[in-house]
Amino acid sequence: MKVGVPKEIKPQEYRVGLTPGAVREYLAAGHEVVVETNAGAGIGADDAAYLKAGAQIAPGAAQVFADAEMIVKVKEPQPQEWQRLSEGQILFTYLHLAPDPRQTEGLMKSGCTAVAYETVTDARGGLPLLAPMSEVAGRLSIEAAGMALKSSNGGRGLLLGGVPGVQPAKVVVIGGGVVGTHAARMAAGLGAEVTILDRSLPRLRELDDLFMSRIKTRFSSIESIEEEVFSADVVIGAVLVPGASAPKLVTRDMLKEMKRGAVVVDVAIDQGGCFETSHATTHADPTYVVDGIIHYCVANMPGSVPLTSSHALNNATLPFGLALADKGLRALLDDPHLRAGLNVHRGEITHPAVAKSLGLPLKDAVEAVQEDLRRHGARLAS
Ligand SMILES: NC(=O)c1ccc[n+]([C@@H]2O[C@H](COP(=O)([O-])OP(=O)(O)OC[C@H]3O[C@@H](n4cnc5c(N)ncnc54)[C@H](O)[C@@H]3O)[C@@H](O)[C@H]2O)c1
């Protein structure tokens, strides 16, 4: 199959769909890869690196979209990209269609087969193509908190790990999933005192085993959140209730009881945030202050470390992308977890949650693919 990698055009997006290392894997499996010139500039991979990996370089996005049977990207396609997608072409990228009717309409009109990273599942019920970005954001949250705690940045003037003879910072992590675990790992590694709160007792037991008492765990309730947050130097918001906005667990009133110059990092801001006072910020202006508490609420944290993020994303997407390249649409029939990623197919919505959110009719994914293979099988299974 011919696989195309356009340069990302969403503002402040520096990641790339395929790294040169991933290109080599596609070539080794017998595929061709065409990469738009400068697509890897954000991760320091120039055209020469892609040529060395065996890719062809296209002078612009138009040629990539025109030549490739499958497009591999990072961010959801922008309006000029919807227009370039063609009937029967596979698109493999993050889409986040539920809150985005315009993009959904654009993809439906294109006739493409859109497989969304964020709804691909794994056997344990996880979201394997979202997890790497949560790992990155969790680890980054502690770096962000450490920066904001400095007095030059308005913080309490505290070193996360303290020094011998001086108390370290107290870091409270609300939500012990992927983000929370990686935040806790970083904070504990730096020597901070760490407490994780979660609503899931099985998860708290796993965390207790994982950290072998190096951190404290607490069941998340109104009372425990108040007690922990009031004495915290740093609070990381890392909750997720699948399919819902983040619950507002820390209210504005609670901020008044916190230490002045304490820092809250609301990683869950992409789901609306779990602090009542959160609003999304950007890397260019990441923090603001409410009632003396510094808020860091960047909605696309992994975007600030595109090199790490691109490699982490490619590690996770590679097996699924290779399956699509090897088998075409048949890969969606063979693997129910990859099929869970199928959001739009030839003008119809094939993902239940997307159809429900947008009030659009749902087409069964298996039926959609089987019908397609009957009609166009030979070409798509190439
Ligand atoms: N800002 C960014 O750049 C960025 C990047 C990656 C992920 N995220 C977001 O971070 C959030 C967390 O993602 P994740 O991958 O860790 O999710 P996850 O599903 O792995 O973990 C979420 C955890 O929250 C817990 N939880 C739910 N309700 C709770 C409550 N009331 N109190 C305490 N814990 C509660 C769950 O039990 C679960 O353990 C999501 O909203 C995700 O979209 C943001």
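Is Tyr 117 buried or exposed, and what is its relative accessible area? Tyr 117 is buried, with a relative accessible area of 0%. Keep in mind that this is a predicted model.

## The aromatic cluster

Tyr 117 is a good place to start, since it belongs to a cluster in which ring pairs link Phe 92, Tyr 94 and Tyr 117. The count of aromatic pairs comes to 2. In one of them, Phe 92 and Tyr 117 sit edge-to-face, at 4.7 Å centre to centre and with 90° between the planes. Phe 92 belongs to strand S5 (residues 90-93), while Tyr 117 is in the loop between strand S6 (113-116) and H6, so this pair ties together parts that are 25 residues apart in sequence. Phe 92 is buried too, with a relative accessible area of 1%.

Now for Tyr 94 and Tyr 117: their ring centres are 4.9 Å apart and the planes meet at 80°, so this pair is edge-to-face. The cut-off behind that label is an angle of over 60 degrees between the planes. Tyr 94 is in the loop between S5 and helix H5 (101-110) and Tyr 117 in the loop between S6 and H6, so the pair ties together parts that are 23 residues apart in sequence. As for cover, Tyr 94 has 3% relative accessibility and counts as buried.

## Around the ligand

Which residues come nearest to the ligand? Of the 28 residues around the ligand, they are Ser 134, Val 179, Asp 198, Asp 270 and Met 301. Sorted by character, the shell around the ligand has 17 nonpolar, 8 polar and 3 charged residues.

A few polar atoms are worth picking out on your screen. A nitrogen atom of the ligand is 2.8 Å from an N or O atom in the side chain of Ser 220. The backbone joins in as well: an oxygen atom of the ligand lies 3.3 Å from a backbone N or O atom of Leu 240, and an oxygen atom of the ligand is 3.5 Å from a polar backbone atom of Gly 177. On its own the ligand has 860 Å² of accessible area, and the protein covers 84% of that. Elements that give two or more residues to the shell are helix H6 (131-148), helix H7 (178-189) and strand S8 (193-198). Of the elements, H6 gives the most, with 3 residues.

## The open sheet

How many strands form the open sheet, and in what order? There are 8 strands, running S3-S2-S1-S4-S5-S6-S14-S15, and the pairing is mixed. Strand S3 (56-58) and strand S15 (348-349) stand at the edges with a single partner strand each, so one side of each is left without a neighbour in the sheet. Over at the S15 edge, strand S14 (residues 342-345) pairs with S15 in the antiparallel sense over 2 bridges. There, His 345 stands opposite Glu 348 in S15.

Now look at S1 and S2. Strand S1 (residues 2-5) pairs with S2 in the parallel sense over 4 bridges. Val 3 stands opposite Val 33 in S2, and Gly 4 stands opposite Val 34 in S2. In S1, Lys 2 and Gly 4 point one way and Val 3 and Val 5 the other way, yet all are buried. In strand S2 (residues 32-36), 4 of the 5 residues are buried, so S2 is largely enclosed by the rest of the structure.

## Two glutamates in helices

Where does Glu 81 lie, and what is beside it in space? Glu 81 is part of helix H4 (residues 79-82). At 2% relative accessibility, Glu 81 counts as buried. Glu 81 and Ser 110 are 29 residues apart in sequence, and their C-alpha atoms are 9.9 Å apart in space.

Glu 105 is found in helix H5. With a relative accessible area of 44%, Glu 105 is partly exposed, whereas Glu 81 is buried. Glu 105 and Trp 82 are 23 residues apart in sequence and 9.3 Å apart in space, C-alpha to C-alpha.

Technical notes. Residues numbered from 1 in each chain as written. Predicted model: local features only at pLDDT ≥ 70, side-chain atom pairs only at ≥ 80, totals over all residues. Heavy atoms only, no water. Near = heavy atom within 4 Å. Polar contact = N/O pair within 3.5 Å; in protein donor to acceptor, adjacent residues only side chain to side chain. Areas by Shrake-Rupley, 256 points an atom, 1.4 Å probe, with all protein chains shown as cover. Nonpolar A, V, L, I, M, F, W, Y, C, P; charged D, E, K, R; others polar. Phe/Tyr/Trp six-rings, centres within 6.5 Å; stacked < 30°, edge-to-face > 60°. Buried < 20%, exposed > 50% of the residue type's maximum accessible area, 1.4 Å probe, protein only. Pairing = 2+ DSSP bridges.
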